[in-house]
Amino acid sequence: MKNKLYYKIKKFFLSLTLLFAFVVFANIMTMLYVSKINNKNLKSEVLNYYIEKNVSYDDTSEYLQKTYYTCGPAALNYLLYLYGVNTTEEKLATLSKTNEKGTTLLNLKYAAERCGFKARGLKANFEYLKEIRKPVITYVKGNHYVVVEDITNKYVSLFDPDPEYGEIRIPIKIFKEAWNNIVLKINTKPLVMR
């Protein structure tokens, strides 16, 4: 009688262990599948670059965004670095009132002005973007800021603060598909602060 009870208890715990292992395995597989879907969606939200990476010999890694929502301050930090201003993404995030929803173009403009530059946000066409003095910040895919440094007949050279990219070069066609026709440009001559 004791042996039958022992085997029933043993069989019960073995079944319970197998069920637990199956549930854990199913959860892991679900997480991997969801992660794969989310990664595909994230990739489609950025520029889907046909990239030529590391188009510069300068180390720009310190200007890559530190959080998923600070691309605006990181882009402004890089732009100001190109004009000789030493600041930080964190300071610019504070000045531009960045939160987990991101940064508005107007607040990026105010942050640039607080750093001593006259800034102007505008809607523009690609021909205008080609002609104006660069670098400028552009808004792409409705949720991301990048710094356009140069435009040739075939390519747009830009700095994308996303840690996956940095300084890259993409075909004009790809850039045009992603660009929202919004530009933030700053005067290269600093304002006199009073």
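Leaving aside neighbours within four places in sequence, His144 turns out to be in contact with Gln65, Cys71, Thr138, Tyr139, Asp160, Pro161 and Asp162. One of these partners gets a closer look here: the side chains of His144 and Asp160 make a polar contact at 2.6 Å. As for its place in the fold, His144 belongs to strand β4, which covers residues 144–151. The relative accessible area of His144 is just 7%, so this residue counts as buried, the cut-off being under 20%. All of this comes from a predicted model.

Stepping back to the whole protein chain, there are six helices and seven strands. Followed along the sequence, these elements come in the order α-β-α-α-α-β-α-β-β-β-β-α-β. The protein chain has 194 residues, and 37% of them count as buried. Contacts across the sequence also show up: taking those with a separation of 6 or more, 62% are between residues 24 or more positions apart.

Then there is the outside. The protein chain exposes about 12700 Å², with carbon and sulfur atoms supplying 57% of that area. Part of the surface is a nonpolar patch made up of Leu5, Ile9, Phe12 and Phe13, which together have about 420 Å² of accessible area. Phe13, a member of this patch, sits in helix α1, a run spanning residues 2–45. With a relative accessibility of 48%, Phe13 is partly exposed, because that value falls between the 20% limit for buried and the 50% limit for exposed. His144, by contrast, is buried.

Note on methods: Residues are numbered from 1 along each chain as its sequence is written. This is a predicted model: local features need pLDDT of at least 70, side-chain atom pairs count only at pLDDT 80 or more; totals for chains, interfaces and linings use all residues. Side-chain values use heavy atoms; hydrogens and water are left out. Helices (H or I, at least four residues) and strands (E, at least two) are DSSP runs, numbered from the N terminus. Buried means under 20% relative accessible area, exposed over 50%, partly exposed in between (1.4 Å probe, protein chains only). A polar contact is a pair of N or O atoms within 3.5 Å; within protein, one must be able to donate a hydrogen and the other to accept it, and residues adjacent in sequence count only if both atoms are side-chain atoms. Contact means heavy atoms within 4.5 Å. Accessible areas come from the Shrake-Rupley method with a 1.4 Å probe; for residues, only the protein chains shown count as cover. Patches are made of residues with over 30% relative accessible area and no salt bridge: like charges are joined within 9 Å, nonpolar side chains (Val, Leu, Ile, Met, Phe, Trp, Tyr) within 5 Å. A salt bridge is a side-chain nitrogen of Lys or Arg within 4 Å of a carboxyl oxygen of Asp or Glu.
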